[in-house]
Amino acid sequence: MAIIRCEMGHFYDDNRDAECPMCRQMKDGAQGDVTEGWDGQRTVSAFYPAAEWQREQTISLELYCREQEDAERTIGIFSKMKGNDYVAGWLVCVEGPEKGRDYRLYHGFNRLGRGTDMDIFVGEDPAISREGHCNVVYDAKNNQFLLAPVKGNLIYRDGRLVQFAEQLKTGDRFTAGNSEFEFIAFCREGHTWENE
């Protein structure tokens, strides 16, 4: 099975069809019109009276560009659930290469690491793991924060090794790599996003 793209931008299986089935339907008597909106979106309406079905599509030119290099572009889909993107707290680097920098914390797991895909990106400390050194977790149900180590990485809190998830309170400090972080809670007793 080989999925290819025709010159009109439709995707189809060339092992099953010799030519694009959408284009073939349009040549065989489809009726429709094309209009362009002010925001760069192109609406294509195609009605197929010869077939048992009718199709109407809206195609965003920003998402479905006809250029070949865009054929393999990933399109992000974001959660429609509200509250996941509300700030829940912060970490502030108080010692280390990124001293003075702050990092926002959100609902759920906030992965701290040197990789650019980390939620808490600490790129200048080579002693911090790239793939995630530890996690700072906000549990909205219980309205609490936890510091959770990741297997194989060392985290220290008040000079002692953190081996299991521990609750964090405003003002608590922990060390990861050569950096020390102070935690500040926005969501705390009597102050949550639950009504939003």
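Start by selecting Leu91 and Phe183: these two are bridge partners, with Phe183 sitting in β16. Before going on, note that this is a predicted model, where local features need pLDDT of at least 70, side-chain atom pairs count only at pLDDT 80 or more, and totals for chains, interfaces and linings use all residues. Residues are numbered from 1 along each chain as its sequence is written, and side-chain values use heavy atoms, with hydrogens and water left out.

**Stop 1: β6 and its two neighbours**

Widen the selection to residues 179-185, which is β16; 6 bridges join this strand to β6, and the two run antiparallel. The strand names are DSSP runs numbered from the N terminus (E, at least two residues; helices are H or I, at least four). Two strands count as paired if DSSP finds at least two bridges between them.

Now select 89-95 for β6 and 102-105 for β7: they are antiparallel too, joined by 4 bridges. Click on Trp90 and look across to Arg104 in β7, which stands opposite. Then follow the chain through the hairpin of β6 and β7, with 6 residues between the strands, and stop at Gly96, where phi is positive, near 120°.

While you're here, show the side chains of Lys99 and Glu95. They meet in a salt bridge at 4.0 Å, N to O; the term asks for a side-chain nitrogen of Lys or Arg within 4 Å of a carboxyl oxygen of Asp or Glu. Lys99 counts as exposed at 58% relative accessibility, and Glu95 as partly exposed at 40%. The cut-offs are under 20% relative accessible area for buried, over 50% for exposed, and partly exposed in between (1.4 Å probe, protein chains only).

**Stop 2: into the core**

Go back to Leu91 and show everything in contact with it, meaning heavy atoms within 4.5 Å. Leaving out residues up to four places away in sequence, Leu91 touches a list that includes Tyr103, Leu105, Leu112, Ile120, Val136, Phe174, Phe181 and Phe183.

Which residues touch the most other members of the largest nonpolar core? Of its 23 residues, they are Leu91, Leu112, Phe174 and Phe181. Two or more residues each come from β6, β7, β10, β11, β15 (173-176) and β16. There is also a second, separate core of 5 residues, with Cys6, Tyr12, Cys20 and Cys23 among them. A core here is a set of buried Ala, Val, Leu, Ile, Met, Phe, Trp, Tyr and Cys residues joined through side-chain atoms within 4.5 Å.

**Stop 3: the open sheet**

Next, colour the open sheet of 5 strands, ordered β9-β8-β10-β11-β14 with mixed pairing. Its edges are β9 (120-121) and β14 (166-168), each pairing on one side only. Select 144-149 for β11, which makes 3 bridges to β14 in the antiparallel sense; Leu146 stands opposite Gln167 there.

Step to Asn143, in the loop between β10 (134-139) and β11. Asn143 isn't a glycine, yet its phi is positive, about 50°. Buried or exposed, or partly exposed? Asn143 is partly exposed, with a relative accessible area of 22%.

**Stop 4: around β12**

Asp158 is another non-glycine with positive phi, near 55°. Find this residue in the loop between β12 (155-157) and β13 (160-161), where Asp158 is exposed at 70% relative accessible area.

Select Leu154, Tyr156 and Leu161 and turn on the surface: together they form a nonpolar patch with about 250 Å² of accessible area. Tyr156 belongs to β12 and is partly exposed at 34%. Patch members have over 30% relative accessible area and no salt bridge, with nonpolar side chains (Val, Leu, Ile, Met, Phe, Trp, Tyr) joined within 5 Å and like charges within 9 Å. The areas come from the Shrake-Rupley method with a 1.4 Å probe; for residues, only the protein chains shown count as cover.

**Stop 5: salt bridges**

How many salt bridges does the structure hold? There are 10. Pick Arg157 and Glu166, whose side chains meet at 3.0 Å, N to O. Arg157 counts as buried at 8%, and Glu166 as buried at 17%. Add Arg160 and Asp172 to see the network of salt bridges linking them with Arg157 and Glu166.

Finish at Asp17 and Arg16, another salt bridge, at 3.7 Å, N to O. Here Asp17 is buried at 13%, whereas Arg16 is exposed at 67%.
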